[in-house]
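Q: Please take a close look at one part of this model: a place where helices pack together, and the residues buried around it. What meets what there, and how is the packing described?

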Amino acid sequence: ISTLTSSSPTEIQSVLDTLFEPSPTLYTLVSSHLPPSFTSYNEFADFVADLLFTLDDDEKLLNILGAHPRLGAKNVESVHSRGEQRSLGGGEEEEGERLERLNVEYERVFPGIVFVAGRSRQVIMQNMEKRIARADIEAEKKEAIEAMRDIAKDRASK
């Protein structure tokens, strides 16, 4: 990671795609603001989150947040997301239908991301219901960025 900033654009994009999700918008944002170096992947994840917290272009932010697959999606391209969402698979058909209804409602209200790795389907659904009921887009964007950072740190630790 200490040499990331002097890496090729392809290598930088590969790191971003691995830690976050493939997003040309995120790549453009990050590559235009890279500092001289990073001491750890956690520092890099914090750097990216800080960029997103200060981004004043909602269209770009929503595009970046939207790069993450929906919860419980069947066809998830990212190997990392597939593994992280494994805890949402299986379960009762009724739970699957409830998760689908929550996804539709959640996506109608928010473009957010929920950190799922290692959390049960029930815990995730309760979290989604709470966030939908809160109906605060600014708080949701903040939590989505925090979730992206947490996901990146979790992926870096593996």
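A: In α2, the residues T25, L26 and L29 meet K60, N63 and I64 of α4, a contact being heavy atoms within 4.5 Å. By type, the residues of this contact are 3 nonpolar, 2 polar and 1 charged; Ala, Val, Leu, Ile, Met, Phe, Trp, Tyr, Cys and Pro count as nonpolar, Asp, Glu, Lys and Arg as charged, and the others, Gly among them, as polar.

This is a predicted model, in which local features need pLDDT of at least 70 and side-chain atom pairs count only at pLDDT 80 or more, while totals for chains, interfaces and linings use all residues. Residues are numbered from 1 along each chain as its sequence is written, and side-chain values use heavy atoms, with hydrogens and water left out.

The axes of α2 and α4 come within 8 Å and cross at roughly 120°. These axes are lines fitted to C-alpha atoms, for helices over the stretch in contact, with angles from 0 to 180 degrees between N-to-C directions. The crossing therefore makes α2 oblique to α4: under 35 degrees is roughly parallel, over 145 roughly antiparallel, 65 to 115 roughly perpendicular, and the rest oblique.

Both α2 and α4 also help cover the buried residues of α3, as do α1 and α8. Helices here are DSSP runs of H or I with at least four residues, strands are runs of E with at least two, and numbering starts at the N terminus. The buried residues of α3 are F44, A45, F47, V48, A49, L51 and L52, where buried means under 20% relative accessible area, exposed over 50% and partly exposed in between, using a 1.4 Å probe and protein chains only.

F44 leads to L4, which lies in the segment before α1. L4 counts as buried because its relative accessibility is 4%. L4 and F44 are 40 residues apart along the chain, with 9.5 Å between their C-alpha atoms. Leaving aside residues up to four places away in sequence, L4 touches I12, V15, F38 and F44.

The structure holds 3 aromatic pairs. F38 and F44 form an edge-to-face pair, because their ring centres are 5.0 Å apart and their planes stand at 80°. Rings of Phe, Tyr and Trp (its six-membered ring) pair if their centres lie within 6.5 Å; planes under 30 degrees apart are stacked, over 60 edge-to-face, the rest tilted. F38 and F44 are both buried, and ring pairs join them with F47 in a cluster.
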